[in-house]
Amino acid sequence: MRRLSDLKMNSVLEIIKERISEDQGTASVFVFPSENTASFWAEKALSLFKLKTIAKERFIAWDRFKEKNSNAANKGKKAAGSVTRLLFADYLIRLNKETPFLSYLIPDAYALDGAVFTRMIALMLPSLKLWRAKINAAARGSTGNSGDPALYTEASKHEYEFFTELEKRYENFLEHNFLFEPSWEKPPFRDTEHIYFIFYPSLIDDFCEYEELLDAPHVHKIELPKADQESSLLLYDSSRAELRALILEIRRLYYEEHIAYEEIFVSVPDLKTLEPYIEREFNLYNIPVHVRSGKNLSEYGEALLFSEINNCVQNNFSFSSMRELLFNFSLPWKCPNKNAALMQFGIKNNCVSAYREDGKEKDIWEEAFWGKAKKQRLHNHYKKLKNACKRIARSKSFPAFFKNTHRFTEKFFNEKDQDEHNTVFGRVLRELSSVKEIIGEITENSPDAGTPNPLGFFISVLKEKTHVKDEKKFGVQIFPYGVASAAPARAHFVINASQKHTTKLYRPLNFLRKDSRKALDLKDIDVSADFFKSFHIISELDPNKKKYVYFSASSLTFSGWALPNSYFDRLKDESTGEAGTYIVKAEPPCDDLFIKEKEWWAHCEAKDTECDTAFFGQEIMPAQKMSFEQWLPFAPREDINLFKHTFVKGKTVSTLIQKQIRLTKQTAEILRVSASSLKNFFKCPVFWLLNDVFKVEDYPVNACLLDDAGKGLLYHEILKIVFSMIQFEETESRFDKNNIQKYYLWAEAAAEKAAKSYPAFRGPLARPLIETMAASCAYKIKRLLDREAENFNGWIVENLEKEFKIVYKAALSAKERYDGTQGILPELQDNIILHGFIDRVSLSPDKDSVLIIDYKTGTPPARADAAASKERPLSDFQIAFYIKIYEHCSEKKVGNAAFFSINNNKYSPIVRKDYTHGSTDYSRDVYQKTIDTLDDFIFHYAASVSNLDFIPREVNCDNDDIKPDFSKKTIPLNHCYTCIYKNICRTTFFVNSATRSSDKG
């Protein structure tokens, strides 16, 4: 029989063809680097050699080959797996808590917190025998050293003692529990019933550890064949261009070369990042795709159940931890509506987290439910959920944990949705049963080895398990890089071939110190070139057909800048024998159907005529067809606008709009206008429609103590109380800075009273936080009073939180400006009421001037926004609007108007009686022009609402004047980006025949 060296250049097909039909039945076994590669070669052999069946045991992966022979040499024992190793590591760390002996890895001071090292120790265990072999070889001088390298320094001595102790304890553990470590077992391969062909050992990371044992007549290894011609690497500017080029080439292979999609493989480094982009692009081009990648079981939503239960118990059922559990929609909840109702209850009652009161721990949910008899069913749901979670988290043994988990699933999950064979959750339950069985067998012989924290242990087990969803899909096969190396594809693409993601290193004993690795002569083995060569194996399938192997990379990837693998720079040109470059700068694809469509539209617009279909092409993608059909009903037509003609009077939509406007903005058919409505409307009419008319609110998903709007209302209530007391208890209602200490006391009492009675802040946390909240509010109000003493000592408090209302009468100039030009009716002004609530009105000590103050919790509007100029139109209407309505209702003239920021303790004057030339604020006479221009805004607002015209418009200055110009049918695009309604609004799209200037390019 041919030995190993005699078969190095034989192809896979030659060997399989020769041995597959032999009379020995299953005598020949073909060993491949991975399970995927073995499976694909078995399928290929079936089709090429026209066989009806092939025994699965004849095509196996390297790991299965090792396991099979190890089991044969250890009859009566079971193999230790990842669960066993974690259990041992957990047991070892618990022993170290009592008597520290792992000081090399876990400092004695941190022995009680050593659980974080559990996984690290578990990963070391399989390599301990290799470490021992290297130590012995170094001690014998086989590496050129003399003596034991682990004893050269004090640090390496500690390392030697640590691994020796770890090896000894693990060996005793295995022996005591009738187990064996597969990685430790290297029995002689004496299986004479089979002949093994091991393909491409350079792709197997630990093959060198077994190579000496494989020198037997019945074991053959087949090296990678030399490629007939190395492939170049195509370098693109971006990953988007690279993906488009990949898809277009796959389409060409399918339509022109007639290669089935299932026979096309794509290997993708960093698949986790690229997967969503790959699926999107393939869907756009109507190419079926099957992504065959697995991930840790703990990353699936179904497996997060256990970590979420743990978080709930650890955080005393805080709102955020409860939300993660109850809104995990990967789980088959029996009553999802109850979960949602419980979360809504938590939001309304501010159930943020548990708290301590009078030295006792308080459950925020139980306190919130106290006294609410109508919520009894919801309360019962919470109690059942809470108790079930606690039972799972506090289970003292794994059988109890197993039992409590099944009780939980029976009570809260839908059984018909728990298919234990086809879902991730079914896999989780099978792992739970498997771990229970393993722990049960070990604790029979080693009772102390059972874990005292079953929940935490099972969470760590899920992190070690990999799961691939068993989906019956057909299409282009997508693999993580290296998984399908040497697979028999008709065409194989390797994309994203960057230096970072395609460098393959074998690093034996990588947990050792750097100096220890050097002493043991351990070196990193770079096998990147072998992996690149392995893709050329497809040339063996049919020498008469052209092989299709493609390598590509991009300079700018989705995760940053990258360099192509240097392997392609090191390739030698066979004709010259010198190193050259096989990296080719690739151009973006030009025959892209989506690019053709875009160019066709641009061509039509430029020519302003009907376009020749030949310019477009002869085919389109289904996605293009569907997009066109959805756009067609809203296609631009002359004099048609989405925001205006959707609401034509007499239609159902317009009737509903008018009805809602009457409810929110009218009183007895009279339109009410406020400063805030003007601001919202001229920010964007669609924003006004959604916010002011339909009251569309963002649904809260978090429980919070007090939001900014709530704080503002609270501050206003305190100020109202304090200044009311000044108004009614001080002489002539004057603010007297000499009484500031008395005002402080009033502020403290008002803050406490407002905090207790404030209705928007509900829930149990209100009680323990009232004192803190009141003190914080009182402090800021005291700072405001200090500023008041500086600026307005002796001023008289006239009105607080008073509503001013007037019937609107426009100036003649405004009527002339709009009558007959923009469809505004002359009688419109008789159906408008201006109204507003002014926070505070005060009179100067001589009662000759009026002060209007508007309080802001945050930053007040800029002075430039609150006044009109030739450069900028008026955009914040509050001060001008308040002056207008106050002076209409009173004979007094406003001399001062300002904003005051409570948080920033900042006084921001807009109008000042003592105005000096060059100051940034305005005199009353100068500011009158701004007040006059309000007529233009009010008229346009009223006309637009009356005509149901909600076209977004940008307000500009008219011919270098402060008068506004509303003719530009657009708004700045940055307004849309920051708008809270951007996800439901279509302002940023083309909505009429005139393209928005901000959308061009």
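**Notes on the predicted model**

1. Let me start with one cysteine: Cys889 has a relative accessibility of 40%, so Cys889 counts as partly exposed. Please keep in mind as you read on that this is a predicted model.

2. How many disulfides are there? With sulfur pairs required to lie within 2.5 Å, the count is zero. Cys389 shows how this plays out: the nearest cysteine sulfur belongs to Cys312 and is 5.4 Å away, and Cys389 is in no disulfide. Cys389 has a relative accessibility of 0%, so this residue counts as buried.

3. A further cysteine, Cys957, sits in strand S28, which covers residues 954-957. Its relative accessibility is 17%; buried means under 20%, so Cys957 falls in that class. You may like to look at Cys957 beside Arg872: the two are 85 residues apart in sequence, yet their C-alpha atoms are 6.6 Å apart in space.

4. On to charged pairs, where the structure holds 43 salt bridges. One of them joins the side chains of Glu732 and Arg734, with N to O at 2.6 Å. Glu732 is partly exposed at 48% relative accessible area, and Arg734 is also partly exposed, at 22%.

5. Which parts of the chain does the salt bridge between Lys892 and Glu798 tie together? The closest N and O atoms of this pair are 3.3 Å apart. Lys892 belongs to the loop between helix H33 (878-889) and strand S26 (894-901), while Glu798 belongs to strand S23 (residues 796-807), so the bridge ties together parts that are 94 residues apart in sequence. Lys892 has 35% relative accessibility and so counts as partly exposed.

6. Helix H33 appears again in the salt bridge between Arg924 and Glu887, whose side chains meet at 2.6 Å, N to O. Arg924 lies in helix H34 (residues 924-932) and Glu887 in helix H33, so this pair links parts that are 37 residues apart in sequence. Are the two partners buried or partly exposed? Arg924 is buried, with a relative accessible area of 8%, whereas Glu887 is partly exposed at 22%. Elsewhere, Lys129, Arg132, Glu167 and Glu171 are joined into one network by salt bridges that share partners.

7. Now for the empty space inside. Searching the whole structure gives five cavities of 30 Å³ or more, and the largest has a volume of about 80 Å³. What lines the largest cavity? Its lining consists of Phe681, Phe682, Pro685, His940, Ser944, Asp949, Phe950, Ile951, Arg953, Val955 and Phe966. Two helices, H27 (675-683) and H35 (934-946), each supply at least two of the lining residues. By type, the lining of the largest cavity divides into seven nonpolar, two polar and two charged residues.

8. Last, a geometry check on helix H16 (residues 424-445). Its 22 residues should span 32 Å at 1.5 Å a residue, and the end C-alpha atoms are 33 Å apart, which agrees. The buried residues in H16 are Val424, Phe425, Gly426, Arg427, Val428, Leu429, Glu431, Leu432, Val435, Ile439 and Ile442. It helps to recall some helix geometry when reading that list: an α-helix has 3.6 residues a turn, so residues three or four places apart point the same way. Do also note that Arg427 and Glu431 are among the buried residues of H16.

Notes
Residues are numbered from 1 along each chain as its sequence is written. This is a predicted model: local features need pLDDT of at least 70, side-chain atom pairs count only at pLDDT 80 or more; totals for chains, interfaces and linings use all residues. Side-chain values use heavy atoms; hydrogens and water are left out. Buried means under 20% relative accessible area, exposed over 50%, partly exposed in between (1.4 Å probe, protein chains only). A salt bridge is a side-chain nitrogen of Lys or Arg within 4 Å of a carboxyl oxygen of Asp or Glu. Helices (H or I, at least four residues) and strands (E, at least two) are DSSP runs, numbered from the N terminus. On a 1 Å grid over the protein atoms alone, a cavity is a set of points where a 1.4 Å probe fits but cannot get out, and a pocket is an open set with protein on both sides within 12 Å along at least five of seven lines; lining residues have an atom within 4 Å of a point. Grid points are joined across faces, edges and corners, and a volume is the space filled by probe spheres set on the points. Ala, Val, Leu, Ile, Met, Phe, Trp, Tyr, Cys and Pro count as nonpolar, Asp, Glu, Lys and Arg as charged, and the others, Gly among them, as polar. The expected span of a helix is 1.5 Å times one less than its number of residues.
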